[in-house]
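Here are some notes for a colleague who is meeting this structure for the first time. Please keep the model open while reading them.

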Amino acid sequence: MTVDQLDPTPIYEQLARIIREKIKAGDLEERQLVPSESSLQQEHGVARGSVRRAMELLRKEGWVVTIQGRGTFVALKENWPKEG
């Protein structure tokens, strides 16, 4: 999954979708450290602001939690949004 620069969907929403799908697929597991902002920036070729907005969106939705000084981690499955 990659960010599509020509897609009208905002870059940060595309990136959030990619990370969300990795969590759902088990590529990123509960309590696992999410890649750093700079790592995501390089991997997807996006601006740091887009990465920050994507992380903010995922935090609000309950997919990840950020612990100051430690990083951003995948939230416990019980805190993930209920789909349906």
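The points below concern one helix and its surroundings.

1. The model is a predicted one, and the natural place to begin is helix H1, which covers residues 11-25 and therefore has 15 residues in its run. From its first C-alpha to its last, H1 reaches 21 Å, close to the 21 Å expected at 1.5 Å a residue. Just after H1, Gly 26 takes a positive phi of about 90°.

2. Which residues of H1 are buried? They are Tyr 12, Gln 14, Leu 15, Ala 16, Ile 18, Ile 19, Arg 20 and Ile 23. The cover over these buried residues includes two helices, H2 (37-44) and H3 (48-61), together with the strands S1 (64-67) and S2 (71-74).

3. The largest nonpolar core has 20 residues, and those with the most contacts inside it are Ile 19, Ile 23 and Leu 58. At least two residues of this core come from each of H1 and H3, and the largest share, 6 residues, is supplied by H1. Ile 19, when residues up to four places away in sequence are not counted, touches Leu 28, Leu 40, Met 55 and Leu 58.

4. Arg 20 also has its place in helix H1, and a reader may ask why Arg 20 counts as buried. The reason is that its relative accessibility is 15%, whereas buried means under 20%. With neighbours within four places in sequence left aside, Arg 20 is in contact with Leu 57, Leu 58, Glu 61 and Trp 63.

Conventions: Residues are numbered from 1 along each chain as its sequence is written. This is a predicted model: local features need pLDDT of at least 70, side-chain atom pairs count only at pLDDT 80 or more; totals for chains, interfaces and linings use all residues. Side-chain values use heavy atoms; hydrogens and water are left out. Helices (H or I, at least four residues) and strands (E, at least two) are DSSP runs, numbered from the N terminus. The expected span of a helix is 1.5 Å times one less than its number of residues. Buried means under 20% relative accessible area, exposed over 50%, partly exposed in between (1.4 Å probe, protein chains only). Contact means heavy atoms within 4.5 Å. A nonpolar core is a set of buried Ala, Val, Leu, Ile, Met, Phe, Trp, Tyr and Cys residues joined through side-chain atoms within 4.5 Å.
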